[in-house]
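Colleague: Could you take me through this model, with the conventions stated as we go?

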Amino acid sequence: MNLLTKTTPEASTPTAPRRAVRPWYEVRETEEAFILTAFLPGVDRSSLETSVDGENLTVFGRRVFTPPEGWTPVYREIPQADYRLVFELDNRINREAVKAELTQGVLTLTLPKAEAVKPRRIEIKG
Amino acid sequence: MKLIRYHNSPLYNPASSYTGLRDEMDRLFDVAFPALSSLQRDGFFGDWQGEFPIDLYQEKDAFIVRAELPGFRKEDLSLEVADGILTVTGHQKTETKADKKDKKADVATQERRVSRSITLPEHLKLDKIEAAYENGVLTVTLPKSEEVKPRQIAIDVK
């Protein structure tokens, strides 16, 4: 059932449904945050959606290019697919403070760690 | 009547391209079995090295090459045409300065180099090639030159 509710909204979107692939990505960890880098060539700012919905962080990017009329493809390697990346977030991440940046097809998401999990010093009184 | 030159795909011609048959086979396998190829290589920038997809389009007056090369700066990309082969190269060096707090950590240098050669169709205006880079996609426009006109050679009878 879970699968059904997940696939239905996508299938019913008015724009032609396209195959979505998982882009190349990596996750790094720093003291303050997790940093996700994903390669989304062909995606511009308006066609990128990054959302945090409950437990899930979803990145959806649409390849915006459509060949103009009169262009005949001779040889193709670039997949005609969109990008989708879904992560499950746990309570280590401060969901309110997620930041996204897109430059030349590279998405950088900064997922700051929640205060609760940052190392904390406890002073001993008395 | 016009004779059409036998030119199946000017781009995909492994035998005559500098990249060589083996590279093309490797790429073919990587495209067909992406999971397998990522198993072979470790490291993050590593599994991306050297491979980027290319599209070739034909228009009335030009050929257009599109290449997905995310995350480069304009100055890191170079194009070269020699002997009918177009070579696209991306070379990037990123220096990540270590945290100020941690003085022991060295400056991390990440290097990325990708390259690909494409056999170009004949009769192009090589001096009119234009390139643009947007959203991590390099677009190269290769204008066609006018069809070579049949030349009449006069024979002098002496």
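**Strands, interface and cores**

Modeller: β1(A) and strand β7 (residues 82–88) of chain A pair in the parallel sense over two bridges, where pairing requires that DSSP finds at least two bridges between two strands and strands are DSSP runs (E, at least two residues) numbered from the N terminus. This is a predicted model, in which local features need pLDDT of at least 70 and side-chain atom pairs pLDDT 80 or more, while totals for chains, interfaces and linings use all residues. Residues are numbered from 1 along each chain as its sequence is written, and chains are lettered from A and ligands numbered from 1 in the order in which they are written.

Colleague: Which residue in β7(A) is the bridge partner of V21(A)?

Modeller: β1 (20–21) of chain A is an edge strand, pairing on one side only, in an open sheet with the order β1-β7-β5-β4. Within β7(A), the partner that V21(A) bridges to is Y83(A).

Colleague: Which residue of β1(B) is the bridge partner of T72(A)?

Modeller: Strand β6 (residues 72–75) of chain A supplies four residues, the largest share of the side of chain A that touches chain B. β6(A) runs antiparallel to strand β1 (residues 54–58) of chain B, joined by three bridges. In that strand, T72(A) has as its bridge partner Q58(B).

Colleague: How many residues of chain B are in contact with chain A?

Modeller: Contact here means that C-beta atoms, placed from the backbone, lie within 7 Å. By that criterion, 21 residues of chain A meet a set in chain B that numbers 23 residues.

How values were computed. Two residues are in contact if their C-beta atoms, placed from the backbone, lie within 7 Å.
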